[in-house]
Amino acid sequence: MTAGTRKLVSAMLLGVLLYGVFIAYTGINKIAATLDSFRWAAFGLAIGLASLNYLLRFGRWEIYLRILGIDVPRADSLLVFLSGFVLTVSPGKVGEVFKSVILQQTHGVPIARTAPIVIAERLSDLIGVVLLIVLGSAGFSSGLPWAIAGTGVVLVGLAVIIWEKPLDLLLSFVQRHPRFGRFEPKLREAVVSLRLLCRPSTLGPPLALSVLAWASEGMALWVLLRGFGTSPPLILTVFFYETASLAGALIPLPGGLGIVETMIREQLVVLGKVPVAIATSSMLLVRLATLWWAVLVGFLALAVLRRRHAVLRGVPATP
């Protein structure tokens, strides 16, 4: 087992351990009792909505590749994109830069060119989620602090990227530094790519896909609640899911574990008036259908890629 594989497995085991502790804490007996009356077709539909999220975000990935002039066969591009889900439980999903590593190994695309896509994806995700929160919080104040925090992060991020002087000063400092100077050309290449991706003229289509993608996962929670025979208003349920997702993204914990689950459950109980046991079960099922389904999809995509590309199996390329 390679060092990289060991790190992946360790990260997954840590996530599973934390999740197991959380389930034990919430009360397995209470959850099991609610599942007797649950309509499992709803879970299948939730998986479908989560998968729609991935396809919409893949469409955004393709847009970003085209903006940067990177040509990758569509099948490989999809597999590379999905393989990034292997590290979904990394803090802030920064582990999705794994996509850039895979793309470099399989198609020779420099990491410095594609790593900025991960930052652009996170920014468009934040904007999309904030827009959904603002839509859901009309006349409803509890999510506004998270919307304001997310908006602040987005504005600061865009300002740092688009305003050239701060980053140019940073690059000049790196260039002059005796230890880090050798990294300056790669960093400059990454900054150029990032500015191309985050120009106001290119934000529209990726942002539209982000809104639709995250709305689909919010709908997954609503579908699961209907599977238990209860259904708060759709817009309210999406609001609960997005505020929890935003909190999980802003707080640097692996996959937002613990934060997202607690916020979904508490909002369902306190604001949605959903019984505690049903709220807990719905929360766990939506995380299985979104977070853990994504991790499984990521490992499956990586396995297919390893079969298609010998270099990922440690086999030297043929001269």
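## Exercises on a predicted all-helix chain

Asp-76 is buried, with a relative accessible area of 4%. That residue returns in Exercise 3; please keep in mind throughout that this is a predicted model.

**Exercise 1. Find out how many helices and strands the chain has, and what share of its residues is buried.**

Step 1. Count the elements: there are 13 helices and zero strands. Reading along the sequence therefore gives the pattern α-α-α-α-α-α-α-α-α-α-α-α-α.

Step 2. Turn to burial. Of the 319 residues in the chain, 50% are buried.

Step 3. Look at how the chain meets itself. Among contacts with a separation of 6 or more, 76% are between residues 24 or more positions apart.

**Exercise 2. Check whether the span of helix H3 agrees or disagrees with its number of residues, then describe how H3 and H10 are arranged.**

Step 1. Helix H3 covers residues 41–67, which is 27 residues. At 1.5 Å a residue, the expected span is 39 Å.

Step 2. Compare this with the model: the end C-alpha atoms of H3 are 40 Å apart, so the two values agree.

Step 3. See what follows the helix. Just after H3, Gly-69 takes a positive phi of about 70°.

Step 4. Now bring in a partner. Two packed helices are described by the angle between their axes and the distance between the axes. For H3 and helix H10 (residues 204–227), the axes come within 8 Å and cross at roughly 175°.

Step 5. Angles over 145 degrees count as roughly antiparallel, so H3 and H10 are roughly antiparallel to each other. The residues of the contact of H3 with H10 comprise 21 nonpolar, five polar and three charged ones.

**Exercise 3. Three residues, Asp-76, Thr-114 and Ser-281, have a side-chain polar contact; find the partner of each.**

Step 1. Start with Asp-76, in helix H4 (residues 74–83). Its relative accessible area of 4% is under the 20% cut-off, so Asp-76 counts as buried. Leaving aside neighbours within four places in sequence, Asp-76 is in contact with His-107, Leu-305, Arg-308 and His-309. The polar partner is His-309, with the two side chains in a contact of 2.7 Å.

Step 2. Move on to Thr-114 in helix H6 (residues 111–136). Thr-114 is buried, at 0% relative accessibility. Beyond four places in sequence, Thr-114 touches Ile-70, Ser-100, Leu-103 and Val-109. The side chain of Ser-100 makes the polar contact, at 2.9 Å.

Step 3. Finish with Ser-281, which lies in helix H13 (residues 276–308). Ser-281 is buried too, with a relative accessible area of 1%. Not counting residues up to four places away, Ser-281 touches Ile-31, Thr-34 and Phe-228. The side chain of Thr-34 is joined to that of Ser-281 by a polar contact of 2.6 Å.

**Exercise 4. Decide whether Val-260 and Lys-273 are buried or exposed.**

Step 1. Locate Val-260: it is in helix H12 (residues 259–270). At 3% relative accessibility, Val-260 counts as buried. Val-260 and Leu-246 are 14 residues apart in sequence, and their C-alpha atoms are 8.4 Å apart in space.

Step 2. Locate Lys-273: this residue sits in the loop between H12 and H13. Its relative accessibility of 66% is over the 50% cut-off, so Lys-273 counts as exposed.

Step 3. Check the backbone of Lys-273 as well. Although Lys-273 is not a glycine, it has a positive phi of about 60°.

How values were computed
Residues numbered from 1 in each chain as written. Predicted model: local features only at pLDDT ≥ 70, side-chain atom pairs only at ≥ 80, totals over all residues. Heavy atoms only, no water. Helix = DSSP H or I, 4+ residues; strand = E, 2+ residues; numbered from the N terminus. Buried < 20%, exposed > 50% of the residue type's maximum accessible area, 1.4 Å probe, protein only. Polar contact = N/O pair within 3.5 Å; in protein donor to acceptor, adjacent residues only side chain to side chain. Contact = heavy atoms within 4.5 Å. Expected span 1.5 Å × (residues − 1). Axes fitted to C-alpha atoms, helices over the stretch in contact; angles between N-to-C directions. Parallel < 35°, antiparallel > 145°, perpendicular 65-115°, else oblique. Nonpolar A, V, L, I, M, F, W, Y, C, P; charged D, E, K, R; others polar.
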